[in-house]
Amino acid sequence: MLRDITLGQYYQTDSVIHRLDPRVKLTSTFVFIISLFLVKNVWGYLIALCFLAGVIRLSKVPFKFMIKGMKAIVFLLLLTVVFNLFLTPGTPLIQIWKLTITKEGLRTAVMMAVRLTFLIIGSSVMTLTTTPNNLTDGLESLMKPLNKIKVPVHEIAMMMSIALRFIPILLEETDKIMKAQIARGADFESGNIIKKAKAMVPLLVPLFISAFRRANDLAMAMEARCYRGGEHRTKMKPLIYKRRDRIAYFVLLAYFAACIGIGRL
């Protein structure tokens with residue numbers, strides 16, 4: 001299960017999506033997420049599906065690699081579907097004991113499941129095709145106007161970049177600790193939910209200790225190298241919009257217009 005989490009991982013390959021400016025990918029992901037919550041019918045979701053499929057095709061990232069990341073949110077997805085299925089009032093369709101499945105509940109459950117699936121896959125495309133350094137630079141550039149109201153833009157971007165970098169590291173550390181505990185006779189699979197939760201305690205304690213140790217080492221390393229962020233700091237690879245980035249913005253605008261025009265009819 002831990003190896004199935006793809007958030008924060010970067011897939012190394014050469015594609016059009018990989019070469020795009022990180023600001024384009026951040027903006028596209030944000031617009032795509034907004035569009036998912038604006039569409040009201042099947043046609044809107046079909047447009048979103050075609051757009052997402054086209055981006056995945058251009059990214060050259062194996063589709064199986066992206067689907068693998070969905071396994072980590074299956075429980076959240078099922079929970080969302082069940083709550084919307086049984087707790088949405090409307091026209092009754094099926095009666096199961098004291099629970100009623102309504103027509104509106106079924107429609108809402110399907111829409112939420114599709115939205116969450118598209119949202120996770122769309123976000124994964126961005127992280128899989130963009131290095132943490134580029135994500136930091138792109139996020140800092142997009143949030144730069146907030147400096148005028150004293151928002152610590154560089155610090156926020158740096159924290160998000162470090163968090164993304166630590167996700168695969170902590171997953172690898174968790175996997176090592178689990179294997180060590182299993183070798184000592186620990187059982188993480190059998191028993192009910194309470195027993196499984198208790199079995200996780202020997203795993204969480206060393207994991208938190210390792211995380212704090214890594215964070216402390218990183219802070220000391222940055223301080224020892226006299227790291228100072230913010231204004232007047234130059235970049236080795238400054239972000240410059242190119243022709244492909246302008247084309248990507250045009251395609252994004254066309255997609256959003258089609259989504260709003262057709263998806264809300």
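**Long-range contacts and helix geometry in a predicted model**

Of the contacts in the protein with a separation of 6 or more, 74% join residues 24 or more positions apart, where contact means heavy atoms within 4.5 Å. The structure is a predicted model, so local features need pLDDT of at least 70 and side-chain atom pairs count only at pLDDT 80 or more, while totals for chains, interfaces and linings use all residues. Residues are numbered from 1 along each chain as its sequence is written, and side-chain values use heavy atoms, with hydrogens and water left out.

The protein has eleven helices and two strands. These elements are DSSP runs numbered from the N terminus, with helices being H or I of at least four residues and strands being E of at least two. Along the sequence the order is α-α-α-α-α-β-β-α-α-α-α-α-α. Taken along the principal axes, the C-alpha atoms fill a box of roughly 65 × 55 × 40 Å. Buried residues make up 35% of the 265 residues; buried means under 20% relative accessible area, exposed over 50%, and partly exposed in between (1.4 Å probe, protein chains only). The protein exposes about 17200 Å², with carbon and sulfur atoms supplying 69% of that area; accessible areas come from the Shrake-Rupley method with a 1.4 Å probe, and for residues only the protein chains shown count as cover. As for charge, there are 36 positive and 16 negative side chains, and the centres of the two sets lie 6 Å apart. In this count Lys and Arg are positive and Asp and Glu negative, with His and the chain ends not counted; each charge is placed at NZ of Lys, CZ of Arg, CG of Asp or CD of Glu.

Helix 2 offers a helpful way into the long-range contacts. Leu 26 lies in this helix and counts as buried because its relative accessibility is 16%. Apart from neighbours within four places in sequence, Leu 26 is in contact with Met 126, Leu 135, Gly 138, Leu 139 and Leu 142. One of these partners, Gly 138, is 112 residues away along the chain, yet the two C-alpha atoms are separated by 7.4 Å. Ile 34 is also found in helix 2, which covers residues 22-38, but Ile 34 is partly exposed, with a relative accessible area of 32%. The C-alpha atoms of Ile 34 and Leu 99 are 32 Å apart in space, for 65 residues in sequence.

Helix 11 (residues 243-263) holds Ala 248, and Arg 244 is in helix 11 too. Ala 248 counts as buried because its relative accessibility is 18%, whereas Arg 244 is partly exposed at 31%. Leaving out residues up to four places away in sequence, Ala 248 touches Leu 20 and Val 24, and Arg 244 touches Arg 19 and Leu 20. Arg 244 and Val 24 are 220 residues apart in sequence and 10.0 Å apart in space, C-alpha to C-alpha. By the C-alpha measure, Ala 248 and Pro 202 are 48 Å apart in space and 46 residues apart in sequence.

Two further helices can be checked against their expected span, which is 1.5 Å times one less than the number of residues. Helix 8 (residues 153-183) has 31 residues and should therefore span 45 Å, which agrees with the 45 Å between its end C-alpha atoms. This helix nevertheless has a kink of about 30 degrees at Phe 166, shortly before the proline Pro 168; the bend at a residue is the angle between axes fitted to the seven residues ending there and the seven starting there. Helix 10 (residues 201-224) has 24 residues and reaches 35 Å from its first C-alpha to its last, close to the 34 Å expected. Its buried residues are Leu 203, Leu 207 and Ser 210.

Positive phi values appear at several sites outside the helices. Gly 185, following helix 8, has a positive phi near 105 degrees, and Cys 226, just after helix 10, takes a positive phi of about 55 degrees. Lys 60, not a glycine, has a positive phi of about 60 degrees; this lysine lies in the loop between helix 3 (42-59) and helix 4 (63-68) and is exposed, with a relative accessible area of 54%. Lys 150 has a phi near 65 degrees, again positive in a residue other than glycine. Lys 150 is found in the loop between helix 7 (132-142) and helix 8, where it is exposed, with a relative accessible area of 75%.
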